[in-house]
Amino acid sequence: MSEIFAFIEAEKTAHGVAFLCRLLNVARSSFYAWLASAKTRDARKAADDALAHEITVVHATSRHTYGVPRIHAELRRLGRRVNHKRVARLMREHGIQGAHRRRCRSLTRPDKKARPAPDLIGRDFTASVPGTKLVGDITFLPTAEGWLYLACWLDLATRGGRRLCEGLSN
């Protein structure tokens, strides 16, 4: 509606307000109410700009980590009474975002239909002859170059084993 009223404001010297309102199918009283609230809108815009500057300062002092709840709490601590929804709106309009925690990402997803692996050693982790019972495991470690997969196997008789490392990037 603001765009329509702004158009009527711009064109009211060329055409009458009543004609433009009838043409654009808006009430003339609504246009005059919008016109009367111009000072209030300008004051609100100035207050929003000042608050956005304060939010930017608080966000910068937090090393760009604070989100809406913490910035709202910091503004309240500084004595500024403001609604958290207004803080959220201004942050959204000015593109200010807090740091997000990374989601824990699982690389392996078990098949829900698969049968569980049988327990071949029966939870007996002792062996008298080397090479008869071998156990193993695999894990992954994040590195700067990507994921590093670490696979190990262990002979239960000698407790000796080997590690096989293979670096794979995503």
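**Close-up views of a predicted model**

**View 1. A salt bridge within helix 5.** Glu74 and Arg77 pair through their side chains in a salt bridge, 2.6 Å from N to O. Both residues belong to helix 5 and sit three residues apart, about one turn of the helix. Arg77 is exposed, its relative accessible area being 59%. As a reminder while you look around, this is a predicted model.

**View 2. A salt bridge between helices 4 and 6.** Here Arg89 meets Asp48, with 3.2 Å between the closest N and O atoms. This pair links distant parts of the chain, as Arg89 lies in helix 6 and Asp48 in helix 4, 41 residues apart. Asp48 is buried at 9% relative accessibility, whereas Arg89 is partly exposed at 24%.

**View 3. The network around Arg89.** Arg89 also forms a salt bridge with Glu93 (3.4 Å, N to O). These two are four residues apart in helix 6, so about one helical turn separates them. Glu93 is exposed, at 52% relative accessibility. Together with Asp48 and Arg86, Arg89 and Glu93 are linked in a network of salt bridges.

**View 4. The largest nonpolar core.** Ten residues make up this core, including Leu51, Ile55, Ile71, Val87 and Met91. Helix 4, helix 5 and helix 6 each supply at least two of its residues. Another core, of eight residues, lies apart from it, with Phe5, Ile8, Leu20 and Phe31 among them.

**View 5. Confidence along the chain.** Mean pLDDT is 87 for the chain, and 92% of residues reach 70 or more. Among the elements, helix 6 has the highest mean pLDDT (96) and strand 3, residues 161-168, the lowest (56). Where pLDDT is low, please don't read the predicted coordinates in detail.

Note on methods. Residues are numbered from 1 along each chain as its sequence is written. This is a predicted model: local features need pLDDT of at least 70, side-chain atom pairs count only at pLDDT 80 or more; totals for chains, interfaces and linings use all residues. Side-chain values use heavy atoms; hydrogens and water are left out. pLDDT is the predictor's confidence in each residue, from 0 to 100. A nonpolar core is a set of buried Ala, Val, Leu, Ile, Met, Phe, Trp, Tyr and Cys residues joined through side-chain atoms within 4.5 Å. Buried means under 20% relative accessible area, exposed over 50%, partly exposed in between (1.4 Å probe, protein chains only). A salt bridge is a side-chain nitrogen of Lys or Arg within 4 Å of a carboxyl oxygen of Asp or Glu.
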